[in-house]
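Here is a friendly walk through one protein chain. Take a look at the sequence and the fold, then read on.

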Amino acid sequence: MSTPAESLAAIFALEEVEANVFRGESQDLRLPQLFGGQVLGQAAMAMTRTVLADKKLHSLHGYFVRPGRANAPVMYEVETIQDGRSFSRRRLTAWQDSKVIFVGDGSFHIVEEGMHHQHAAPMVPPPESLPTELELLDGKRELIAEIRSRYEVAEAIEIRPVEPIDPSNPIKHAPNKSFWFRCGSIETRDSDVHRSLLAYASDTALLITSLLPHGVSDMQDDMRVASLDHAIWFHSDCYVDDWLLYSTDSPWSGAGRGLARGLLFDRHGKLVASVAQEGLIRRL
């Protein structure tokens, strides 16, 4: 029997149904709609499958056009925009039931050396010293069940918040937060699979950063919270079955939308990816 992490990694083994058209199986995480991170991760893999191995995905930009269904596969059609000596670019359309649910662009770059600088990682406690998100909610069985279902029933993604936030009792908070996360043990060391897994995980708990100054939670019945667009830049290879620190902030919200940003560091303080997302944060 496969572990939750292995089951998660398996959704990136896309079936090529015809040239540059791929079929991805969906996870039912008991959410009202398909988890956006799944589409991001599978889109990353679909585009990667059309590019020579000497180039690696360095950026992915996408728009969520309409909600997807978690009980149906997703089809991904990839268009070649450019194949140069240093860069290749792809455009992708994802659809279900003959309706477009996501459009995106990906850029791939050869491995090369260059001038380097990065933001320093925030000073936070190591992950081993922090309780898991589920442990922090001990005694709140219904909430634990809902959160557990979001990350594959048996915790494919383990989260350890640096600043615990109780979604059942939201209070106003500065628009920033950090948490450690990792997937369970994953056999493959294929960096393309781990990039796809990182794209998947980058949609986890990002947009809710824009809710913190307002003292509301995405779990409230009177809130509608959904991703509108998402961008991720990959700076280097990394492996998501080791701890990664996700440091997020929200510089703005208004007009029913919120903007959130994130920096992803490995446990040694290396910046491995940067993320930005705008989403709907509307009171019903």
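Helices (H or I, at least four residues) and strands (E, at least two) are DSSP runs, numbered from the N terminus, and two strands pair if DSSP finds at least two bridges between them. This is a predicted model, in which local features need pLDDT of at least 70 and side-chain atom pairs count only at pLDDT 80 or more, while totals for chains, interfaces and linings use all residues. Residues are numbered from 1 along each chain as its sequence is written, and side-chain values use heavy atoms, with hydrogens and water left out.

## The sheet

Let's start with the strands. There are 12 strands in an open sheet, and reading across it gives the order β1-β2-β4-β5-β6-β3-β9-β12-β11-β10-β8-β7, with antiparallel pairing. At the edges sit β1 (15-18) and β7 (157-161), each of which pairs on one side only. On average, neighbouring strands of this sheet are turned by 25° against each other, direction ignored; axes here are lines fitted to C-alpha atoms, for helices over the stretch in contact, and angles run from 0 to 180 degrees between N-to-C directions.

Now zoom in on a few neighbours. The antiparallel strands β2 and β4 are joined by four bridges, and one matched pair there is Gly 24 with Val 74 in β4. Moving along, β4 and β5 also run antiparallel, with eight bridges between them. Tyr 76 has Ala 94 in β5 as its bridge partner, and a hairpin of three residues takes the chain from β4 to β5. Then there's β3 (residues 55-64), which pairs with β6 (residues 99-110) in the antiparallel sense over nine bridges; here Tyr 63 stands opposite Val 103 in β6.

## Helices on the sheet

Contact in what follows means heavy atoms within 4.5 Å. Helix α2 (residues 36-48) lies across β2 (21-24), β3, β4 (74-83), β5 (87-96), β6 and β9 (223-234), and runs at about 45° to β4. Helix α5 (residues 191-201) packs on the sheet too, touching β3, β7, β8 (176-183), β9, β10 (244-254), β11 (257-266) and β12 (271-283), and its direction makes about 150° with that of β9.

How many residues of α5 are buried? The count is 11 of its 11 residues, where buried means under 20% relative accessible area, exposed over 50% and partly exposed in between (1.4 Å probe, protein chains only). Among them are His 194, Arg 195 and Tyr 200. The N-terminal end of α5 has a cap: a side-chain oxygen of Asp 190 lies 2.8 Å from the backbone nitrogen of Asp 192.

## Rings that meet

Rings of Phe, Tyr and Trp (its six-membered ring) pair if their centres lie within 6.5 Å; planes under 30 degrees apart count as stacked, over 60 as edge-to-face and the rest as tilted. The count comes to six aromatic pairs by this rule, including these two:

| Pair | Centre distance | Plane angle | Type |
|---|---|---|---|
| Phe 35 and Tyr 200 | 5.0 Å | 75° | edge-to-face |
| Phe 64 and Phe 102 | 5.3 Å | 55° | tilted |

Phe 35 lies in the loop between β2 and α2 while Tyr 200 is in helix α5, so this pair ties together parts that are 165 residues apart in sequence. Phe 35 is buried at 14% relative accessibility, and Tyr 200 is buried at 2%. These rings also have company: Phe 12, Phe 35 and Tyr 200 form one aromatic cluster.

The other pair links distant parts of the chain as well, with Phe 64 in strand β3 and Phe 102 in strand β6, 38 residues apart. Phe 64 has a relative accessible area of 16%, so it counts as buried; Phe 102, at 1%, is buried too.

## Cysteines and a serine

A disulfide is a pair of cysteine sulfur atoms within 2.5 Å, and the count by this rule is zero. Why is Cys 238 not bonded to Cys 183? Their sulfurs are 10 Å apart, too far for a bond. Cys 183 is buried with a relative accessible area of 3%, and Cys 238 is buried with 11%.

Finally, meet Ser 88, found in strand β5 and buried at 1% relative accessible area. Its contacts, not counting residues up to four places away in sequence, include Val 51, Gln 82 and Phe 108. A polar contact is a pair of N or O atoms within 3.5 Å; within protein, one must be able to donate a hydrogen and the other to accept it, and residues adjacent in sequence count only if both atoms are side-chain atoms. The side chain of Ser 88 makes one of 2.9 Å with that of Lys 55 and another of 2.5 Å with that of Asp 83.
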